[in-house]
Amino acid sequence: MDLQNKSQGIATGHRVSLTRWLILRFTDQTKPDREVSDPRIRTQYAFLEATVSIAGNLILAAIKVIMGLVLNSISLLADAAHTAADVLTSVVVLVGFQLAKAPPDEKHPFGHGRVEFLSTLMIAILLGVVGVQFGLSSYGRLRNAAEVKGSFAVALIMLAGAVVKEWMTGFAIFLGKKADAQALIGDAWHHRTDAIASALVSAAIIASGYGHFWVDAVLGLMVSVLILYTGIDLGLSAGSSLIGEQASPALLQEINQVAMGCKGVKGLHRVLVHDYGGRKSVSLHITVEDGLSLSASHDIATEVERSISSRVHGDIVVHVEPQEDSFDSAT
């Protein structure tokens, strides 16, 4: 389907938002509101989010650096560095998804999808480095009582930048949820902390106009703490995923509903999901009527595997048990 037909398909009777327009224009997805399981389109989503992020952050960082030097504001320069760090995290997203889409090989039979989690961990480390550096700088400025120029015009520009960053947050969250991509969600929260930081810096600039120069250093410290908090939170989340955590209740419920919807399935238990980024490895036990032939049981298991595969991208393994041998185990 070409771009014109795609746009007409979603725009009929609706106003196309910027987010949906970007998806239609730069990916092969024809229904932006649906979840994405195709690895190729997931990668397109990641590249789209990273490209928009890099372009937007380069412009915002340049503006903040210029204004920070003019006003001699450490909180503004810290915010500029935070924004510039967003560019690095987006590059990490690009590289991570490029590596993650490599096909399975002998050493990695389940593919390379967990590189996405490593990307998120690297983003967390970058945030931590930026937070520590500017925390130290802000503390030094607080002790030395450095003078900062005030400017209502610059404060308004910072608030406008915060609005732009909040839109980028929503954009990344939307794509991340639709593609079930943790790295994109991580990038989104990075954008949000930058939006909050910009609002704080705006307040510092206004306070400086009234001679309260210490506010700039204090809010610089607050921005640094915010950056560190985000980095730690992302790092813990990525580490948990790398270790191997339980699948989301929504995914487990979906697997349960799909399996129980297959003819011949009387129950299921021992549902295990191993997350490899865009690819999942799912195993489960189903129970069937006692006395069914091996061939009939196999057909039921095959149908369950096929049905789950149509909803979950990855490898599905179903073990069959007769009802009398099943255990009443939680899924």
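**Helix α3, the cores and a surface patch**

Biologist: What span should α3 have, and how far apart are its end C-alpha atoms?
Modeller: This is a predicted model. In it, the 33 residues of α3 should span 48 Å at 1.5 Å a residue, and the end C-alpha atoms are 47 Å apart, which agrees.

Biologist: Which residue follows α3?
Modeller: Asn 72 follows α3, and its phi is positive, near 60°.

Biologist: Turning to the interior, which residues touch the most other members of the largest nonpolar core?
Modeller: Those are Tyr 45, Val 93 and Leu 175, in a core of 31 residues. At least two residues of this core come from each of α2, α3, α4, α5, α6, α7 and α8.

Biologist: Which helix gives the most to this core?
Modeller: Helix α4 does, with seven residues.

Biologist: And what does Tyr 45 touch?
Modeller: Leaving aside residues up to four places away in sequence, Tyr 45 touches Ile 23, Thr 27, Gln 29, Pro 32, Val 36, Leu 175, Lys 178, Ala 179 and Leu 184.

Biologist: What does the second core include?
Modeller: That core is separate and has 22 residues, among them Val 273, Ile 286, Val 288 and Ala 301.

Biologist: Now the surface. Which residues make the nonpolar patch?
Modeller: Leu 18, Trp 21, Phe 26 and Trp 167 make a patch of about 420 Å². Helix α2 contributes the largest share, three residues.

Biologist: Is Phe 26 buried, partly exposed or exposed?
Modeller: Phe 26, which lies in α2, has a relative accessible area of 47%, so this residue counts as partly exposed.

Notes
Residues are numbered from 1 along each chain as its sequence is written. This is a predicted model: local features need pLDDT of at least 70, side-chain atom pairs count only at pLDDT 80 or more; totals for chains, interfaces and linings use all residues. Side-chain values use heavy atoms; hydrogens and water are left out. A nonpolar core is a set of buried Ala, Val, Leu, Ile, Met, Phe, Trp, Tyr and Cys residues joined through side-chain atoms within 4.5 Å. Buried means under 20% relative accessible area, exposed over 50%, partly exposed in between (1.4 Å probe, protein chains only). Helices (H or I, at least four residues) and strands (E, at least two) are DSSP runs, numbered from the N terminus. Contact means heavy atoms within 4.5 Å. The expected span of a helix is 1.5 Å times one less than its number of residues. Patches are made of residues with over 30% relative accessible area and no salt bridge: like charges are joined within 9 Å, nonpolar side chains (Val, Leu, Ile, Met, Phe, Trp, Tyr) within 5 Å. Accessible areas come from the Shrake-Rupley method with a 1.4 Å probe; for residues, only the protein chains shown count as cover. A salt bridge is a side-chain nitrogen of Lys or Arg within 4 Å of a carboxyl oxygen of Asp or Glu.
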